[in-house]
Structures are given as structure tokens and as C-alpha cells.
Amino acid sequence: MRLPRLGHVTPVRFAQLALASAISLYLIVITGAAVRLTGSGLACQSWPGCSKGAFFPAIGEHSTIEFGNRVMALFPIVLSLVTWIAATKTPGLARWVTWTAAFTCLGTIAQAPLGLLTIRLGLHPLAVATHFLLALAVLAAAIVIAVEAWGNAHGRVEPAPRWLRVVGLVLALACAVLVVTGTLSTAAGPHPGDKAEVDRFWNLLDAVYLHVRATAVFGTCFLLLLAWLARNRDRAGVLGPAAVGLLVLLLVQMSVGELQWRNQLPWWLVLIHVGLAAAVWAWTVGLVTALWRPPRKLTS
């Protein structure tokens, strides 16, 4: 996709740009998690170069993974910056879209010094968790922008009933709690990112206890949403396939979660779990946004 000329941006082109930005922010979550779970977080001790003596890493698995994540980070930084600027040039967008795009861009840029601080703190679990949660926050903002941009480009339909939209907000809040407690579970578990012993700031069983109860709230809200959509197929529109997609993701995520627990949390399975968790989070945010501002169609 060619970047738009900044003098004028069509709604369709902005929607494509916003979607590309959101996808890049999702991918950087995955590569960042790979750095952590493969024990590559301290492979590069400097920034932006890998070491004080050499900008590029020496040939090696860990340094290559860590430096590759830094290179990958250039894409969401550039795309989020262009999306921010383009939001000011696109007709039909509300002012809050520009502010949200600004937060997405600045939050993405802030990941660089936060990542350096995480290295300086020796990969303390709290710093790692903060780094990860900021990535999910800017991903959520990018998803909101993408849904709004898609509606601006292709038209909107009547939103869901107000009570269902409120249920959707609770659903998103419960999903946020799931993400936070899931992050605490990982940070409290056996994956400091390497084989070194670290002081845990959270008890694993306590984190899992909260995680399971947040799951119950999320599940209840999601069942209410599915029940309404099943009874109102004629009004569901894009919400129907979006909800089915989320259901599929949840089923796969629960299966992987159970599998990783029974297999004593192998890092590669935890990575899949993290990737699915980020996908569930992004999809939930998109679904809830569509409850309030539903696009007329999913495809162009």
C-alpha cells in the first residue's frame, strides 16, 4: 500500500492506512513477546545499537532476535505517525480520532525508552509487564481508529441497543482485566525471559485466581451479546461475523491455555498463548467499538 499524499487523504485510503498501522502494532506485540520468552531481552545492552562497540548484533540467536524486534518496531512507529498526520487530512473524521491517533503514535514511540529502561532494570517483571501493557494499550487505540475509519469510508448503520452497548463496555473492561492478570500470571510464572532467578512481585496462584474470575465476567457478557445477536440476526449486520470470529479465537485460546498449563509452560506455547491473547484483546476492542459505531460492511 502506498502512503497517501498528505495534502489530501481519502476516507478509503485512511481506512487502509489505519488497518495497516493496527496490524503492525499487533505484530510488534508478538515479536516483543518472542524476545522475552526466548531469553533474548539482554542480548543487546545498548540502544538504538546492539552494543556500544557495534551498532549491529554479532551473529547469534538471541542478539538477532532482540535486534530484529527493534527493526520491526520501525514499521509501527512510521505507520502510526503517518496515520496521525493523515487523520488531520481526512474528511468526515471527528476530532477525537486525531487525538487517539496522537496517543497511538506517542505511545508507540515511548516504547523505545521504556524498552531501554527495562534492560537497565535487568528485565524486572514489573518493567516487562508495563512494556507489554503499553503495547496493548496503543494496539487498542489503533483498532478503535481502524473501525471508525472503516465506518467513515463505507458508511454506518444503526448502533446496537444502549443496554447492549453498555454490556459491550463491561466486556471490554473484563477483557482488559484478563489481559492484565494474564500478564501478571506470566510475569509471576517461570518465564523471566531467561534461566536466571528473579524476584517475583506477584504470586502465580494469586494471579491465576484473579484471571479465572475475570474470565467468568467476560464469558457472561459475551454470552449476553451472542444471545442478542442470535435473536436479532436481521439487525446484527457486521456484528454477527465479528462475534463468531471472537468466539473461535476464544475457543482456541482456552485450548492453548489448558495445554500450556498441563505441559509446564513451554516458551513456544506461551508465545502462541500471548499472540492469541493479543488477538482476543484487539478483536474484543474492535467488536465493542462496532457496537457503538457499526460500519455498514466488513469488506470494501
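R262 counts as exposed in this predicted model, because its relative accessibility is 64%. Its partner is E258, and the two side chains meet in a salt bridge with N and O 2.5 Å apart. E258 is partly exposed, since its relative accessible area is 39%. Both residues belong to helix α8 (residues 239-262), where they sit four residues apart and are therefore separated by about one helical turn.

## The other salt bridges

How many salt bridges does a search of the whole structure find? The search finds four.

One of them joins E66 and R70, whose closest N and O atoms are 2.9 Å apart. Here too the spacing is four residues, about one turn of the helix, this time in α2 (residues 61-87). Both E66 and R70 are buried.

Another brings together the side chains of R156 and E148, at 2.6 Å from N to O. Is E148 buried or exposed? E148 is buried, because its relative accessible area is 1% and the cut-off for buried is under 20%. R156, with a relative accessible area of 27%, is partly exposed. This pair is also part of something wider: salt bridges that share partners join E148, R156 and R293 into one network.

## Three helix pairs

It helps to have a simple way to talk about packing. Two packed helices are described by the angle between their axes and the distance between the axes. Here are three pairs from the model, set side by side.

| Helix pair | Angle | Axis distance |
|---|---|---|
| α1 (residues 11-37) and α9 (residues 267-292) | about 155° | 10 Å |
| α2 and α3 (residues 95-120) | roughly 160° | within 7 Å |
| α4 (residues 125-154) and α9 | about 35° | 9 Å |

### α2 with α3

The axes of α2 and α3 cross at roughly 160°, and α2 is therefore roughly antiparallel to α3. Their crossing is left-handed. On the α2 side, the contact is made by E66, R70, P76, I77, S80, L81, T83, W84 and A87. On the α3 side, it is made by T98, A101, A102, T104, C105, L106, T108, I109 and I119. The E66 and R70 that appear here are the residues of the salt bridge within α2. Sorted by class, the contact has 11 nonpolar, five polar and two charged residues.

S80 of helix α2 gives a closer view of this contact. S80 counts as buried, because its relative accessibility is 1%. Which residues does S80 touch, not counting those up to four places away in sequence? S80 touches S21, A101, T104, C105 and T108. Of these partners, A101, T104, C105 and T108 are listed on the α3 side of the helix contact.

### α1 with α9

For α1 and α9, the angle between the axes is about 155°. The two helices are therefore roughly antiparallel to each other, and α1 passes α9 in a right-handed crossing. Helix α1 contributes Y26, V29, I30, A33, A34 and L37 to the contact, while α9 contributes W267, V270, L271, V274, G275, A278 and A279. These residues divide into 12 nonpolar, one polar and no charged.

### α4 with α9

Helix α9 also packs with α4, at an angle of about 35° and with the axes 9 Å apart. The crossing of α4 and α9 is right-handed. From α4, the contact takes in F132, L136, L139, A140, I143, V144 and V147. From α9, it takes in V274, A278, W281, A282, V285, G286, T289 and A290. By class, the contact of α4 with α9 has 13 nonpolar, two polar and no charged residues.

Both V274 and A278 of α9 take part in the contact with α1, and V274 and A278 are also in the contact with α4.

## A look at L178

Finally, let us visit helix α5 (residues 162-188), where L178 lies. L178 is buried, because its relative accessible area is 15%. How far apart in space are L178 and V208, C-alpha to C-alpha? L178 and V208 are 9.8 Å apart in space, although 30 residues apart in sequence. Leaving aside residues up to four places away in sequence, L178 touches H211, A214, T215 and F218.

Notes:
Residues are numbered from 1 along each chain as its sequence is written. This is a predicted model: local features need pLDDT of at least 70, side-chain atom pairs count only at pLDDT 80 or more; totals for chains, interfaces and linings use all residues. Side-chain values use heavy atoms; hydrogens and water are left out. Axes are lines fitted to C-alpha atoms, for helices over the stretch in contact, and angles run from 0 to 180 degrees between N-to-C directions. Angles under 35 degrees count as roughly parallel, over 145 as roughly antiparallel, 65 to 115 as roughly perpendicular and the rest as oblique. A crossing is left-handed if the near helix is turned anticlockwise from the far one by less than a right angle, and right-handed if clockwise. Contact means heavy atoms within 4.5 Å. Ala, Val, Leu, Ile, Met, Phe, Trp, Tyr, Cys and Pro count as nonpolar, Asp, Glu, Lys and Arg as charged, and the others, Gly among them, as polar. Buried means under 20% relative accessible area, exposed over 50%, partly exposed in between (1.4 Å probe, protein chains only).
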